[in-house]
Amino acid sequence: MLTALAPVRPSNLAGLASLMAGPRPVHFIAGGTDLLVSGRRLPETGVIVDLSAVAELIGIDCSGADIRIGSATTVASLEAHAGLAARCAALAQAAAECGSVQIRNRATIGGNVANGAAAADLIPVLALVGARLEVMLRGGVRTEIALGDFQPKTGGLITAVVLPGRALLPRSAFAKLGARRDLTISRLNMAATAEFVESRFRALQIVAGALGPRPLRLNRAEEALEGRTLDPDSLRGFMQVLSTEVDAAIPGRASHAWKRRAIRGVGLDLIARLCGLSPRDPVFEEAL
Ligand SMILES: Cc1cc2nc3c(=O)[nH]c(=O)nc-3n(C[C@H](O)[C@H](O)[C@H](O)COP(=O)(O)OP(=O)(O)OC[C@H]3O[C@@H](n4cnc5c(N)ncnc54)[C@H](O)[C@@H]3O)c2cc1C
């Protein structure tokens with residue numbers, strides 16, 4: 001038996017808020033794909049609250065300037081949502097590369113954020129676009145915070161993830177090292193957004209995951225491509241700078257040597273996706 005506590009399953013936010021207002025500590029479970037398989041000791045006191053039936057926490061709203069995603073929305077829903085793919089392809093691509101079909105059908109965006117794993121696939125994309133979190137605190141107080149400010153241990157409930165419309169550039173992409181068919185957790189992942197003006201990279205932003213506890217912005221790699229056209233020379237310069245970004249991020253780590261090589265391939269995959277090309281396109285082959 002995993003725990004002596006039977007989960008409570010509210011069907012709306014009001015029911016959830018009243019559980020949170022009670023005297024006992026509340027522990028959330030959404031898809032359970034982190035909580036139930038991590039070997040963590042499950043809580044033995046308080047209330048386990050299953051979020052999966054709370055209607056207000058589920059759904060993707062792309063109708064406004066910002067995109068609002070309920071925290072209990074599954075990763076499979078992110079993968080399948082055409083409106084989301086049109087406005088933030090990187091998030092749909094990252095969702096499509098999370099675990100297996102079975103995992104994606106259970107796993108939620110709120111769980112990915114709250115669990116806060118260095119290798120999480122959705123977090124680098126959310127960091128890239130400056131996502132904000134709507135949070136409900138004990139007592140029902142609602143607030144909005146930056147992605148990096150969420151503190152899992154404080155008992156706050158993430159109710160939604162908001163992607164600010166002003167940060168959603170025409171193109172974005174995600175790439176990772178780790179074969180999806182093997183359910184590989186990312187060893188390295190990258191997300192990028194950019195626009196192209198007269199065939200040149202503009203406003204390029206790149207974030208890498210699994211290079212430290214938090215997503216890392218790769219400013220030097222951005223500068224290496226900014227204003228340049230897609231050609232083998234530009235890509236070779238870009239790959240060199242990517243390796244130096246790893247040198248600066250994880251010097252002396254056991255993974256340093258292979259990650260400084262691996263990031264070149266992930267970086268090329270990322271740029272290929274950003275440009276809507278195959279990584280087998282001659283421009284990438286020539287750059288190697
Ligand atoms: C085989 C396997 C493969 C996987 N592959 C990947 C992968 O490729 N990429 C990847 O990123 N992840 C992967 N994961 C990890 C996991 O599936 C994701 O992190 C998932 O998004 C977690 O969501 P969940 O709803 O299952 O979280 P849960 O397990 O339900 O919860 C995780 C934590 O978040 C808290 N929590 C959940 N929802 C909220 C909320 N709304 N507010 C506050 N706290 C909350 C819970 O209390 C718990 O502490 C994999 C897991 C497995 C088992």
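A polar contact here is a pair of N or O atoms within 3.5 Å. With that in hand, welcome to this predicted model, in which 33 residues surround a ligand. The notes below start with that ligand and then turn to helix 4, H256 and I48.

**Polar contacts of the ligand**

- A polar backbone atom of G31 lies 2.7 Å from an oxygen atom of the ligand.
- L35 also offers a polar backbone atom, and an oxygen atom of the ligand is found 2.7 Å from it.
- For S71 the side chain takes part: one of its N or O atoms is 3.4 Å from a nitrogen atom of the ligand.
- As for cover, the ligand taken alone exposes 990 Å², and 89% of that is buried by the protein.

**The pocket and its shell**

- The ligand takes up the space of the largest pocket.
- Strand 1 (26-29), helix 6 (109-115) and strand 7 (157-163) are the elements that give two or more residues to the shell around the ligand.
- Which element gives the most to this shell? Helix 6 does, with five residues.
- If you would like to look at the closest of the surrounding residues, they are F28, T33, D34, L35 and T108. L35 is thus on that list and has the backbone atom at 2.7 Å from a ligand oxygen atom as well.

**Helix 4**

- Helix 4 covers residues 89-96, and six of its eight residues are buried, so the helix is largely enclosed by the rest of the structure.
- Its buried residues are A90, L91, A92, A94, A95 and A96.

**H256 and its contacts**

- H256 belongs to helix 10, which runs over residues 256-274.
- Is H256 buried or exposed? Its relative accessible area is 18%, and the cut-off for buried is under 20%, so H256 counts as buried.
- Once neighbours within four places in sequence are set aside, the contacts of H256 are V246, D247, I250 and P251.

**I48 and its distance to V246**

- I48 sits in strand 2, made of residues 47-50.
- The relative accessibility of I48 is 9%, so this residue is buried too.
- V246, one of the contacts of H256, is 198 residues from I48 along the chain, and the C-alpha atoms of I48 and V246 are separated by 40 Å.

Technical notes: Residues are numbered from 1 along each chain as its sequence is written. This is a predicted model: local features need pLDDT of at least 70, side-chain atom pairs count only at pLDDT 80 or more; totals for chains, interfaces and linings use all residues. Side-chain values use heavy atoms; hydrogens and water are left out. Helices (H or I, at least four residues) and strands (E, at least two) are DSSP runs, numbered from the N terminus. Buried means under 20% relative accessible area, exposed over 50%, partly exposed in between (1.4 Å probe, protein chains only). Contact means heavy atoms within 4.5 Å. A residue is near a molecule or strand if one of its heavy atoms lies within 4 Å of it. A polar contact is a pair of N or O atoms within 3.5 Å; within protein, one must be able to donate a hydrogen and the other to accept it, and residues adjacent in sequence count only if both atoms are side-chain atoms. Accessible areas come from the Shrake-Rupley method with a 1.4 Å probe; for residues, only the protein chains shown count as cover. On a 1 Å grid over the protein atoms alone, a cavity is a set of points where a 1.4 Å probe fits but cannot get out, and a pocket is an open set with protein on both sides within 12 Å along at least five of seven lines; lining residues have an atom within 4 Å of a point. A molecule sits in a cavity or pocket if more than half of its atoms lie within 2 Å of its grid points.
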